[in-house]
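User: Please take a close look at one part, the surroundings of the ligand. A full account in connected prose would be welcome.

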Amino acid sequence: MDYDNLSYILNHTGEEQRVQGAAVPPVFQTSNFLFDTIDAMAECLSHEDEMPFYSRGVNPTVDVLRKKMAALEGTEDCLAFGSGSAAIAAGIMANVQQGDHVVCVQKPYSWTAKLLDNLLSRFGVSTTYVDGRETANIRAAIRPETKMLFLESPNSWTFELQDIEAAVAVAKEKGLLTLMDNSYCTPLNMKPAQLGVDIIMHSATKYIGGHSDAVAGILCASKAMCKKIFAGEFMTLGGILSPMNAWLLVRGLRTLHLRMERVSHTAAEVVRFLEAHDKVAEVYYPFLPSHPQHELAMRQMKRGGGQFTITLATEDEEKVKAFCESLTYFGMGCSWGGHESLIFPALTLHRSQNYKSTLPANMIRFYTGLEEADELIADLRQALDAI
Ligand SMILES: *Cc1c(COP(=O)(O)O)cnc(C)c1O
């Protein structure tokens, strides 16, 4: 994408019609839209997926976000959801039925696995997880009843990539629909539609919103696919985005390119510091030359994001705990993509009743936010010194 086009999308797409000259689109905080005539209402009812009739369907503020995201991903249309998980559920459920099979990359986002394992299995949809680093594993898992291939590149925690072009070629050959979770890369660092992916999903809670103040999800796809999902899971399950949160996401998008540049520069500096530190055993980051899929990352992604993972050299859980609790700039929490730097220690999964984790207890996922790299490095240095 050329830069001018990007500027246009972030600043103008979907907001060409100014409302009373306002520089910023208003929040259409309304559930309902009213009509003067029977004909006008009947006409709108026939185009419920295109015109504002009732805000579970189309809302003008949400529409601005949909137009921008479709333009960023280079798809015909987009649907916005109340969370990334709602988007994933709608995207898969709209395209499978009883007896169907899904091939999914191993270790996807945890609630993607719960959807497939705990919910869809109740309705006769089965799933095979494959190590997507080798496209041959994807091919080998496909059965006559396989309908979808679910991709997430890179995945969270260990950042394993799939060769998207090669995976799509297999899916097309076998007649499978592809859905990719593109939350890590954002449309700025990777455009899966250009590589032939059918449905692109985002947890817009992360980089798209960018300020840790709204939970949201996105599906980008063809007009026909969006129409199908709208008429089915979107309207039926009703996992919609509120106008206010759509407005926050549109505001977040204005600076997406600046934030993405900033976090990837900061992550690169922080990663360089950690990789050289003798109390750090391993650093997982696709844009490090030591990452086993570095070459593929360079080929299919524009730059790295703000997330990476380390394992500490110690396996002593008390030392892992002391390190995590000594950090002051890095907040301890899940999620990422906002202004604030974060750590997510695998130790919290080990000690939780609700999650079964095979991740080592000395593994910590990081996200570098918008703070100064020097301050983050100083914080890490003092916390490493403390153990
Ligand atoms: C957070 C996340 C999701 C789920 O999105 P929510 O907005 O939290 O529902 C899905 N995929 C990835 C990669 C995520 O990080």
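Analyst: Ala, Val, Leu, Ile, Met, Phe, Trp, Tyr, Cys and Pro count as nonpolar, Asp, Glu, Lys and Arg as charged, and the others, Gly among them, as polar. By this division, the shell around the ligand holds six nonpolar, six polar and three charged residues. The model is predicted, so local features require pLDDT of at least 70 and side-chain atom pairs pLDDT 80 or more, while totals for chains, interfaces and linings use all residues. Residues are numbered from 1 along each chain as its sequence is written, and side-chain values use heavy atoms, without hydrogens or water.

The shell contains 15 residues, of which Gly-84, Ser-85, Asp-181, Thr-205 and Lys-206 come nearest to the ligand; a residue is near if one of its heavy atoms lies within 4 Å. Several of these residues meet oxygen atoms of the ligand in polar contacts, that is, pairs of N or O atoms within 3.5 Å. Gly-84 takes part through its backbone, with a polar atom 2.9 Å from a ligand oxygen. Thr-205 instead uses its side chain, where an N or O atom lies 2.6 Å from an oxygen of the ligand. Lys-206 likewise places a polar side-chain atom 2.6 Å from a ligand oxygen. The ligand taken alone exposes 380 Å², and the protein buries 90% of that (Shrake-Rupley method, 1.4 Å probe).

Helix H4 (84–93) and strand E6 (199–203) are the elements that each give two or more residues to the shell; helices (H or I, at least four residues) and strands (E, at least two) are DSSP runs, numbered from the N terminus. H4 gives the most, with three residues.

Note on methods. A polar contact is a pair of N or O atoms within 3.5 Å; within protein, one must be able to donate a hydrogen and the other to accept it, and residues adjacent in sequence count only if both atoms are side-chain atoms.
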